[in-house]
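Please open the model in your viewer and keep the sequence panel beside it, so that each selection below can be followed in both. The tour moves from one selection to the next and says what is found at each stop.

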Amino acid sequence: MYTILNNNTAVINCDDLPTAIRFVQSLESGLDRLNSHSPYTIVKASDVPASAGTADASVGQADLHATQ
């Protein structure tokens, strides 16, 4: 499992790396890459720092659901 961080804050958990990459690509689609770096980082869920908190949502191969 992988977690996407936005400026060191957990945003979403993904079951696999390709799904995480596609999510980040979607999140970055509105960024002007000439003027700013991406605030998103993909890390293994086991390596998420405690200060990042927990993600509010989780996505698998076929579905997206809120973390409860």
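Begin with helix H1 and select Pro18, Arg22, Gln25 and Ser26, the exposed residues carried on the face of the helix that is turned away from its buried side. Bear in mind throughout that this is a predicted model. Now select the whole of H1, residues 17-28, whose twelve residues reach 16 Å from the first C-alpha to the last, close to the 16 Å expected at 1.5 Å a residue. Within the helix, change the selection to Thr19, Ala20, Val24 and Glu28, which are buried. These four lie on the same side of H1, because they cover an arc of only 165 degrees around the axis.

Before going further, zoom out to the whole chain. The protein has one helix and five strands, and along the sequence these follow the pattern β-β-α-β-β-β. Of its 68 residues, 29% are buried, while the accessible surface comes to about 4600 Å², with 50% of that area belonging to carbon and sulfur atoms. Among contacts with a separation of 6 or more, 56% are made by residues 24 or more positions apart.

Next, select strands E1 (residues 2-6) and E2 (residues 9-14), which run antiparallel and are joined by five bridges. At one position in this pairing, Tyr2 stands opposite Cys14 in E2. Add E3 (40-44) to the selection; E1 pairs with E3 as well, in the antiparallel sense and over five bridges, and here Leu5 can be picked out opposite Thr41 in E3.

Stay with the hairpin of E1 and E2 and centre on its turn, where two residues lie between the strands. Asn7 lies in this loop, and its phi is near 50 degrees, a positive value in a residue other than glycine. With a relative accessibility of 60%, Asn7 counts as exposed, since the cut-off for that class is over 50%. Asn8 is found in the loop between E1 and E2 too, and although Asn8 is not a glycine, its phi is positive, at about 70 degrees. Asn8, however, counts as partly exposed, at 49% relative accessibility.

Which residues make up the largest nonpolar core? Select Ile4, Ile12, Cys14, Ala20, Val24 and Tyr40, the six residues that form this core; E2 and H1 each supply at least two residues of it. Centre next on Val24, which, once its neighbours within four places in sequence are left aside, is in contact with Ile4, Tyr40 and Ile42. A second, separate core has five residues, among them Ala10, Val43, Ala52 and Ala55.

For the last stop, select Val48, which lies in the loop between strand E3 (40-44) and strand E4 (57-59). Draw a distance from its C-alpha atom to that of Tyr2: the two residues are 46 residues apart along the chain, and their C-alpha atoms are separated by 9.0 Å. Leaving aside the neighbours of Val48 within four places in sequence, show its contacts, which are with Thr3, Leu5, Val43 and Gly53. Two of these names have appeared before on the tour, Leu5 in its position opposite Thr41 and Val43 as one of the residues in the second core.

Technical notes:
Residues are numbered from 1 along each chain as its sequence is written. This is a predicted model: local features need pLDDT of at least 70, side-chain atom pairs count only at pLDDT 80 or more; totals for chains, interfaces and linings use all residues. Side-chain values use heavy atoms; hydrogens and water are left out. Buried means under 20% relative accessible area, exposed over 50%, partly exposed in between (1.4 Å probe, protein chains only). Contact means heavy atoms within 4.5 Å. Accessible areas come from the Shrake-Rupley method with a 1.4 Å probe; for residues, only the protein chains shown count as cover. The expected span of a helix is 1.5 Å times one less than its number of residues. The arc is that of the directions from the helix axis to the C-beta atoms. Two strands pair if DSSP finds at least two bridges between them. A nonpolar core is a set of buried Ala, Val, Leu, Ile, Met, Phe, Trp, Tyr and Cys residues joined through side-chain atoms within 4.5 Å.
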